[in-house]
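Subject: Structure for you to look at

Dear colleague,

I am handing over a structure for you to look through, and below it I have written out what was found in it. Please keep it open beside you while you read.

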Amino acid sequence: MGRGKIEMKRIENRTNRQVTYSKRRQGLMKKTKELAILCDAQIGLIIFSGTGKLHTFPESSNSSLEQTIQRYLNVQGIQLPVHDNREELYSELQALREAIHNAELRIRNYLCEDLGPLPLEDLQKHEQQLELSLNVIRVRKEQLLQTDNGNMYRWLMGGVQLQEQQQQQQQLMGQTTLFIEEQPSSSTVLELATSVLSLPPSTHS
C-alpha cells in the first residue's frame with residue numbers, strides 16, 4: 001500500500017515538527033548538491049529554522065554563496081546601497097529576536113507556565129501586575145452591572161407606568177358607562193316633549 005497524502009499545514013507537535021524539519025532539510029540539501037553536480041548549475045540555498053538557525057548551500061564556502069547572490073542581483077538589476085549596514089541590521093535583528101523571546105516568556109509566566117526559574121522578586125512583580133489587572137477587570141465588571149441594573153430598573157418602571165395607565169383607562173371607561181346608563185331613554189324624552197307641547201299657551205303671550 002502507498003503512503004497516505006500528508007495535509008500541508010503546520011505540525012503542531014514541537015518534537016514532530018523538529019524531526020520533520022531535520023529530515024526534509026537534509027533531503028533538500030542532498031537534492032540541491034546533486035543538481036549542482038549533475039547539471040553544472042550554480043545554486044544558492046538559504047534556510048532559517050523555526051528557532052532562527054541558519055543553514056546554507058554551498059556549506060563549504062560562503063564566498064560561493066555570495067557570488068551566487070551577487071549574480072542574481074546583477075541579473076535582476078538590483079543595486080544595493082554602497083554603505084554596508086549589515087552589522088547594524090544584524091544587531092537590530094538580534095535585539096528584535098531577544099525582545100520577542102522575552103515577551104513570549106512573560107506571556108507563559110502570566111499563564112502560570114515556566115515559573116520555576118523565576119526568582120522571588122520577579123514573582124512578586126508578576127503578582128502585583130496580576131492584582132492591577134484584576135482591579136481593572138473588577139471596575140469594568142461593576143460598570144457593566146450598574147448599566148444592566150439601570151436598564152432593568154427602567155424596564156420595570158415602564159411596566160408599572162403602563163399598568164397604571166391601563167387602570168386609569170379602565171376607571172374612565174367605567175365612569176363613562178355609568179354616565180350613559182343614567183341618561184333617560186329615547187321614549188322618556190319623547191313623552192316629555194309631547195307633554196310640553198300639549199300645555200295651554202301662556203296668558204302673557
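The accessible surface of the protein comes to about 18,800 Å², and 57% of that surface belongs to carbon and sulfur atoms. Please bear in mind from the start that this is a predicted model. Of the 205 residues in the protein, buried residues make up 8%. If you consider the contacts between residues at least 6 apart in sequence, 28% of them join residues at least 24 apart.

The overall plan can be followed along the chain. The secondary structure comes to 5 helices and 2 strands, and from the N terminus on the elements run in the order α-β-β-α-α-α-α.

A good place to begin is helix H1, which covers residues 14–39 and contains Thr32. Is Thr32 buried or exposed? Its relative accessibility is 9%, and because buried means under 20%, Thr32 counts as buried. Leaving out residues up to four places away in sequence, Thr32 touches Ile43, Leu45 and Phe57.

The loop between H1 and strand E1 comes next, and two of its residues deserve a careful look. Asp40 lies in this loop, and with a relative accessibility of 72% it counts as exposed. The phi of Asp40 is near 50°, which is a positive value in a residue other than glycine. As a general point, most residues other than glycine have a negative phi.

Gly44 lies in the loop between H1 and E1 as well, where E1 is the strand made of residues 45–48. The relative accessibility of Gly44 is 37%, so Gly44 counts as partly exposed. Which residues is Gly44 in contact with, once its neighbours within four places in sequence are left aside? They are Phe57, Leu65 and Thr68. For Leu65 there is also a distance to look at, since Gly44 and Leu65 are 21 residues apart in sequence but 5.5 Å apart in space, taken from C-alpha to C-alpha.

Phe57, which is touched by Thr32 and is also in contact with Gly44, has a further feature of its own. A cis peptide bond joins Phe57 and Pro58, with an omega of about 5°. In general, most peptide bonds are trans. Pro58 itself sits in the loop between strand E2 (54–57) and helix H2 (62–76).

Further along the chain you will reach H3, which has 25 residues and reaches 36 Å from its first C-alpha to its last, close to the 36 Å expected at 1.5 Å a residue. Just after H3, Cys112 takes a positive phi of about 65°.

Finally, please look at the second largest pocket, which has a volume of about 550 Å³. It is lined by 13 residues, of which Arg14, Arg17, Gly50, Thr51 and Glu104 are the closest to its centre. The elements that give two or more residues to this lining are H1 and helix H3 (86–110), and H3 gives the most, with 5 residues. What classes of residue make up the lining of this pocket? There are 2 nonpolar, 5 polar and 6 charged residues.

With best wishes,
A colleague

How values were computed:
Residues are numbered from 1 along each chain as its sequence is written. This is a predicted model: local features need pLDDT of at least 70, side-chain atom pairs count only at pLDDT 80 or more; totals for chains, interfaces and linings use all residues. Side-chain values use heavy atoms; hydrogens and water are left out. Helices (H or I, at least four residues) and strands (E, at least two) are DSSP runs, numbered from the N terminus. Buried means under 20% relative accessible area, exposed over 50%, partly exposed in between (1.4 Å probe, protein chains only). Contact means heavy atoms within 4.5 Å. On a 1 Å grid over the protein atoms alone, a cavity is a set of points where a 1.4 Å probe fits but cannot get out, and a pocket is an open set with protein on both sides within 12 Å along at least five of seven lines; lining residues have an atom within 4 Å of a point. Grid points are joined across faces, edges and corners, and a volume is the space filled by probe spheres set on the points. Ala, Val, Leu, Ile, Met, Phe, Trp, Tyr, Cys and Pro count as nonpolar, Asp, Glu, Lys and Arg as charged, and the others, Gly among them, as polar. Accessible areas come from the Shrake-Rupley method with a 1.4 Å probe; for residues, only the protein chains shown count as cover. The expected span of a helix is 1.5 Å times one less than its number of residues.
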